[in-house]
Structure formats: C-alpha cells, structure tokens
Amino acid sequence: MTITGTTQLLGIIGDPVAHSLSPVMHNAALAELGVDYAYVPFPVQAENLAAAVQGLAAVGVQGFSITIPHKQAILPLLATVTPEAQAVGAVNTVWRTEQGWAGTNTDVAGFMVPLQGRDWSAARAVVLGNGGAARAVVAGCGKLGLTKVQVVGRNLGKLAEFEASWADSPLTPPLSVHGWDELPQLLPQADLVINTTPIGMHHTADQTPLDAADLALIPDHGLVYDLIYTPRPTRLLTLATARGLSTQDGLDMLVQQGAIALEQWIHRPVPVDTMRRALVAWLDRTA
Ligand code: NAP
C-alpha cells in the first residue's frame, strides 16, 4: 500500500492500542481491495478523549474503532448512536456524518453472524459471565429472538446491576441472572451455551469454565459458543466436541465485527476471508 496525498485515514483509539488486532485485519483487506485508505493506531489517554475525537474530525479521519477504556466514555461525544450500541452501553465503531460522529457496536452483529440460518425463536441460552462481551451477546440473543437468556456470574451485586441495566431496552430478551451454583439446573434446558469469561484464554489455556460433567448436562443438539479466539480450540470447545456437541469459537465474531465496521467506512463489500487469514497468521506468529 502506498500512502499518498489523497490517502484517507481510518484508525483505532484506545489506551493501550499496541495489542490491537484491528490494524492487521483492516490493512490486509484495504490492500486486497486496492483502495486509497490506511488504518492506523492512535494511542489516546482517557483525559484526552474529547480533544482526540474533535481532532480526528478536524484532520478528516473517515472513521475509527474504539477499544478500552473509551467504549462507554465516547457515547456523549457522538451525534447519533444506534439502538444496538445504546442497548449495550458501548460503542466500538464510529463514522463521519454531516451531523457529526455516529457510533454503533458491531460486536452485536459480529456475534450473530455464525448463528444465522437457524431458527432460535424457541431457544434458551446460558451466558457465562456478565462483562462487556456479555452485553453484546445478550443484545444479539434479543435480536435473534431467543425465548430466554440466563446470565451466570460470580458477583451477585454485578449480576443484579447487569439485569437492571436491561430494564428499558427494546433489545432485551426475557433475561434472568444466576450464580454459578445454579448451572446444574440451567444447562439441561440450554440450546446455546456461550462463554463470555476469559477462562481458557492463552495464559489460562488449561482451564475451562465448564468441565465434562457440566457438558454432559447440555442436550445433544446444544451448541457451545466460546468467544475466546486464542487458543483455537479452547479447552471448553475440545471437551464439548468430545461430548458430541456443536461448537463455535470466537474468531468469526472477531472477523465479522471488523468486516461490518470496514463496510460502514468504505461503503463496499470487504474480503472477509482475507481478514480472517491475516488475523490467523498474526495470532499464530504472536502465540
Ligand atoms: P470483561 O468485561 O472483563 O468481562 C469478563 C467477565 O468474566 C466478567 O463478568 C467477569 O466476572 C467474568 N470472569 C472473569 N474471570 C472469571 C473467573 N475466573 N470465574 C468466573 N467469572 C470470571 O471482559 P470482556 O470484554 O467481556 O471479554 C471477555 C472475553 O470475551 C475475553 O476472553 C475476550 O477476549 C472475549 N471477547 C471476544 C470477542 C470476539 O470478537 N470474539 C469480543 C469481545 C470479547 P466479574 O465481573 O465478577 O469480574
């Protein structure tokens, strides 16, 4: 890719941003398309967020991604926010409009893509964890029309706050919150079990949020979806496969949320497979 006087800028703001996989994924797609854009990391500390967002507008940046710690703090700085992002309470993608910056949360649709093509309208989900990713998962389950979403957490105070935060949301599926000790009652009715905790991620790769005995309780048609994308497969998904259950890892969600953002910025279909290959090559190199 050659950067010239006409190159349009996209990027990501966060603190830190050095670990972000987004530049790898987006620049691979932009290079393949041969379009005159570059995607760059912008380290922005919390106290500089408003100035940075104004500055990005002033220098003509076309759109940007947002990572920790700005996903919530950016909301009041945007002219418009999609219902998905409002429901989740966090924005990960921003683009330029005549009124100012518009924001959405592409994790919701990214989470949903691997689940599309199946009727989930009579289905129940058990969601492990109640952090940021769980919010996108709950909104996605709502959009897919699930009948019941049961969120499992270890901190009852945070669980109660989580439940209350969905009270006025149009995207809320019927939701209940539970301690981990309730899993033996929840799993036998679960059609979909989603891990949104970091248990099993690289440095805890030998751990799993559910063991073989837990997985034995899930109905035979159940799907186990682990949002973790490294290692692939996680211990959870290895055990689920051994149990005969369908599985889904987090790589598709990661790629799809990026692809949806890139399409929003450059207004054309993007090469999802190229993005996936670039990401896998990078993850393999840095594992
Ligand atoms: P987060 O906001 O920190 O939430 C993590 C949740 O897991 C919290 O509810 C936390 O409980 C719970 N948790 C953490 N350690 C636990 C343990 N040992 N036992 C029980 N519960 C535990 O993190 P996040 O942003 O939601 O990310 C969570 C995971 O999803 C990460 O692995 C991340 O890589 C993955 N993710 C993947 C994608 C994708 O595109 N595939 C997108 C987003 C996130 P407390 O609140 O009680 O601490």
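**Questions about Ala-79, the cores and three helices**

Reader: Which residues does Ala-79 touch, and what makes that a contact?

Author: Ala-79 touches Gln-99, Gly-100 and Trp-101, leaving aside residues up to four places away in sequence. Contact here means heavy atoms within 4.5 Å. This is a predicted model, in which local features need pLDDT of at least 70 and side-chain atom pairs count only at pLDDT 80 or more, while totals for chains, interfaces and linings use all residues. Residues are numbered from 1 along each chain as its sequence is written, and side-chain values use heavy atoms, with hydrogens and water left out.

Reader: How far apart are Ala-79 and Gln-99 in sequence and in space?

Author: They are 20 residues apart in sequence, and their C-alpha atoms are 6.3 Å apart. Ala-79 sits in the loop between β3 (63-66) and β4 (80-81). Helices (H or I, at least four residues) and strands (E, at least two) are DSSP runs, numbered from the N terminus.

Reader: Why is Ala-79 called partly exposed?

Author: Its relative accessible area is 42%. Buried means under 20%, exposed over 50% and partly exposed in between (1.4 Å probe, protein chains only), so Ala-79 at 42% is partly exposed.

Reader: Is Ser-176 buried or exposed, and how do you know?

Author: Ser-176 has 12% relative accessibility and therefore counts as buried. Ser-176 belongs to strand β9 (residues 175-179). Ser-176 touches Lys-148, Val-149, Gln-150, Val-151 and Glu-163, again not counting residues up to four places away in sequence.

Reader: What makes a group of residues a nonpolar core?

Author: The members are buried Ala, Val, Leu, Ile, Met, Phe, Trp, Tyr and Cys residues, joined through side-chain atoms within 4.5 Å. The largest such core has 33 residues, of which Phe-111, Leu-146, Val-149, Val-151, Leu-192 and Ile-194 touch the most other members. Helix α5 (residues 132-144) gives the most to this core, with 7 residues.

Reader: Why is this core said to lie between the two domains?

Author: Domain 1 (8-105 + 252-286) and domain 2 (109-249) both give residues to this core, so the core lies between them. The domain bounds come from an automatic or database domain assignment. Apart from this core lies another, of 25 residues, including Val-17, Trp-265, Ile-266 and Val-270.

Reader: How far apart are the C-alpha centres of domain 1 and domain 2?

Author: The centres lie 26 Å apart. The contact takes 13 residues from domain 1 and 19 residues from domain 2.

Reader: Why is α10 called oblique to α11?

Author: The axes of helix α10 (residues 251-266) and helix α11 (residues 272-286) come within 10 Å and cross at roughly 130°. Axes are lines fitted to C-alpha atoms, for helices over the stretch in contact, and angles run from 0 to 180 degrees between N-to-C directions. Angles under 35 degrees count as roughly parallel, over 145 as roughly antiparallel, 65 to 115 as roughly perpendicular and the rest as oblique. The angle of roughly 130° falls among the rest, so α10 is oblique to α11.

Reader: What makes the crossing of α10 and α11 right-handed?

Author: A crossing is left-handed if the near helix is turned anticlockwise from the far one by less than a right angle, and right-handed if clockwise. α10 passes α11 in a right-handed crossing.

Reader: How does α1 cross α10?

Author: The axes of helix α1 (residues 22-33) and α10 come within 10 Å and cross at roughly 50°. That angle makes α1 oblique to α10. This crossing is right-handed. Met-25, His-26, Ala-29, Leu-30 and Leu-33 in α1 meet Leu-254, Val-255, Gln-257, Gly-258, Leu-262, Trp-265 and Ile-266 in α10.

Reader: At what angle do α1 and α11 pack?

Author: They pack at about 135°, with their axes 8 Å apart. This makes α1 oblique to α11. The crossing of α1 and α11 is right-handed.

Reader: What is noted about the backbone at His-267?

Author: Phi of His-267 is near 60°, a positive value in a residue other than glycine. Most residues other than glycine have a negative phi, and most peptide bonds are trans. His-267 lies in the loop between α10 and α11, and at 64% relative accessibility His-267 counts as exposed.

Reader: Which residues are joined by a cis peptide bond with omega about 10°?

Author: Asp-15 and Pro-16 are joined by that bond. Pro-16 is in the loop between β1 (8-14) and α1. A cis peptide bond also joins Ile-68 and Pro-69, with omega about 5°, and Pro-69 lies in the loop between β3 and β4.
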